[in-house]
Amino acid sequence: MGAFNFYNLESLKSITKSADIKEKPVFAMVSEKAIEYAGLEEIIELTKAVKLKTKVDIYLHLDHGKDIELVKRCIKMGFDSVMFDGSALPIDQNIIISKDLCRIAHRNGVVFEAEIGRVGGKEDKVSSAIFKTDPRDAQKFFEEVKPDMLAVAIGNVHGPITANEELDFTLLAKIQDTIKAPLVLHGCSNRLPREYKVAISQGIVKINIDTELRQAFVRGVSTAIKKKISDPREILTIASDEMSEDIKEKIEIFSCEKLNC
Ligand code: G3H
Ligand code: ZN
C-alpha cells in the first residue's frame, strides 16, 4: 500500500481523492512535526470528516513516533495505525519500548509498525546516517515485539534523492528470508518504478512517500503565483491537484502486476 504524508486539509484531500480515483486503500500519515503544525485533535477530526466522503479505506497513521506519550495518545484517540521509531536507541531498549507499545496498540485494535536499522537522511524530526538492518537483529526484534509491520533500512534515505543511493535488494531478500514478515520501506521519493516493483516482490507491503509530494505541492503554489492568481483557494487547489497527480501515479505503479509499469 502507498503511504503518503499530509499536514493540512489540501494535502489530505490530495491523498483521499487519489485513492478514490484509483480505488485503492492508502495510509494517510502525519509526522510529529505535522501534528505540531496542524494539531492532533484537528488532524483526527479532519480525517474523520474526509473519510466519510471517501469510498476506499483511508488509514490514519502516525509516522515516526518518537515521543512515547504521543504514540499512546494517538492509539487512544483513534488512529488506525502507529509507528514507534526507536531506531536511534540500542536494540534492547528499542525492543522493550516497542513491545510495550505494540501490546497497547493491539489491545486497542491499532496496527503497529516499528523500525530496526536506521533509514538515512533528514526529514522533519528524523535525522540519521544510514545504518543498514542486520537480518539477525531483525529476526530477534520481530520474534520479541511481533509488530504488524517492520521498517527496514536497506540504503533508503529520507529527503531529496541524491546520487549513490542504491537500494540493497540482496539485503532485503536476506531479511525477508530470515523473518518472512510484512516490511515497510521509508524514504521512497523519486525512485524508479522498477525499484518499487522489486521491493514489493520482496515483501515490502507499505511504501512511504513524503518529499516528492511536498515538492509537487510547492510546484503547484509557484505555478499559480506565476500565473498571478491571487485567490488562495485557487492557489491551493492547483497545489493539491499537482500533489494528486503524483500520488495517483504512485498508486498505479504499486498496484500494477507487471515489473515494468
Ligand atoms: O516516513 C516518511 C517517509 O519515509 C518519506 O520519505 O520524504 O524521502 O519520501 P521521503
Ligand atoms: Zn520515514
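A residue counts as buried when its relative accessible area is under 20% and as exposed when that area is over 50%. The exercises below use this cut-off on a predicted model.

**Exercise 1. Find which residues coordinate the zinc ion (ligand 2), and where H64 and H158 lie.**

Solution.
- Step 1. The donor atoms to the zinc ion (ligand 2) are NE2 of H64, NE2 of H158 and ND1 of H186, at 2.0 to 2.1 Å.
- Step 2. Written as a sequence pattern, the spacing of these donor residues is H-x93-H-x27-H.
- Step 3. H64 belongs to strand 3 (residues 58-65) and H158 to strand 9 (residues 157-158), so the pair ties together parts that are 94 residues apart in sequence.
- Step 4. H64 and H158 are both buried.

**Exercise 2. Decide whether H64 and E23 are buried or exposed, and describe the phi of each.**

Solution.
- Step 1. H64 is not a glycine, yet its phi is positive, about 50 degrees.
- Step 2. The relative accessible area of H64 is 5%. This value is under 20%, so H64 is buried.
- Step 3. E23, also not a glycine, has a positive phi of about 55 degrees.
- Step 4. The place of E23 is the loop between helix 1 (9-22) and strand 2 (26-30).
- Step 5. E23 has a relative accessible area of 60%. This value is over 50%, so E23 is exposed.

**Exercise 3. Describe the surroundings of D63, the residue covered by an "active site" annotation.**

Solution.
- Step 1. The annotation comes from UniProt, where the entry is unreviewed.
- Step 2. D63 is part of strand 3.
- Step 3. Its relative accessibility is 3%, so D63 counts as buried.
- Step 4. With neighbours within four places in sequence left aside, the contacts of D63 are N5, M29, V30, S31, E32, M83, H186 and N208. One of these, H186, is also a donor residue of the zinc ion (ligand 2).
- Step 5. Between the side chains of D63 and N5 there is a polar contact of 3.1 Å.

**Exercise 4. Work out how strand 4 (residues 81-84) is covered and how strand 3 pairs with strand 4.**

Solution.
- Step 1. On one side of strand 4, S81 and M83 are buried.
- Step 2. On the other side, V82 and F84 are buried, and both faces of the strand are thus covered.
- Step 3. M83 is among the contacts of D63.
- Step 4. Strand 3 and strand 4 are paired in the parallel sense, over three bridges.
- Step 5. Opposite F84 in strand 4 stands G65.

**Exercise 5. Determine which residues of helix 6 (residues 135-145) are buried, and what covers them.**

Solution.
- Step 1. P135, A138, F141, F142 and V145 are the buried residues of helix 6.
- Step 2. Around the axis these residues cover an arc of only 120 degrees, which means they are on the same side of helix 6.
- Step 3. R136 and E143, on the other side of helix 6, are exposed.
- Step 4. The cover over the buried residues includes helix 5 (91-107), strand 5 (111-116), strand 8 (149-152) and helix 7 (169-179).

**Exercise 6. Describe what is found at the N-terminal end of helix 6, and which residue follows the helix.**

Solution.
- Step 1. The N-terminal end of helix 6 is capped by D134.
- Step 2. In this cap, a side-chain oxygen of D134 lies 2.7 Å from the backbone nitrogen of R136.
- Step 3. After helix 6 comes K146, with a positive phi near 55 degrees.

Technical notes:
Residues numbered from 1 in each chain as written. Chains lettered and ligands numbered in written order. Predicted model: local features only at pLDDT ≥ 70, side-chain atom pairs only at ≥ 80, totals over all residues. Heavy atoms only, no water. Donors = N, O, S within 2.8 Å, 3.2 Å for Na, K, Ca; no water. Helix = DSSP H or I, 4+ residues; strand = E, 2+ residues; numbered from the N terminus. Buried < 20%, exposed > 50% of the residue type's maximum accessible area, 1.4 Å probe, protein only. UniProt positions renumbered as here; feature names shortened; annotations may be inferred. Contact = heavy atoms within 4.5 Å. Polar contact = N/O pair within 3.5 Å; in protein donor to acceptor, adjacent residues only side chain to side chain. Arc of directions from axis to C-beta. Pairing = 2+ DSSP bridges.
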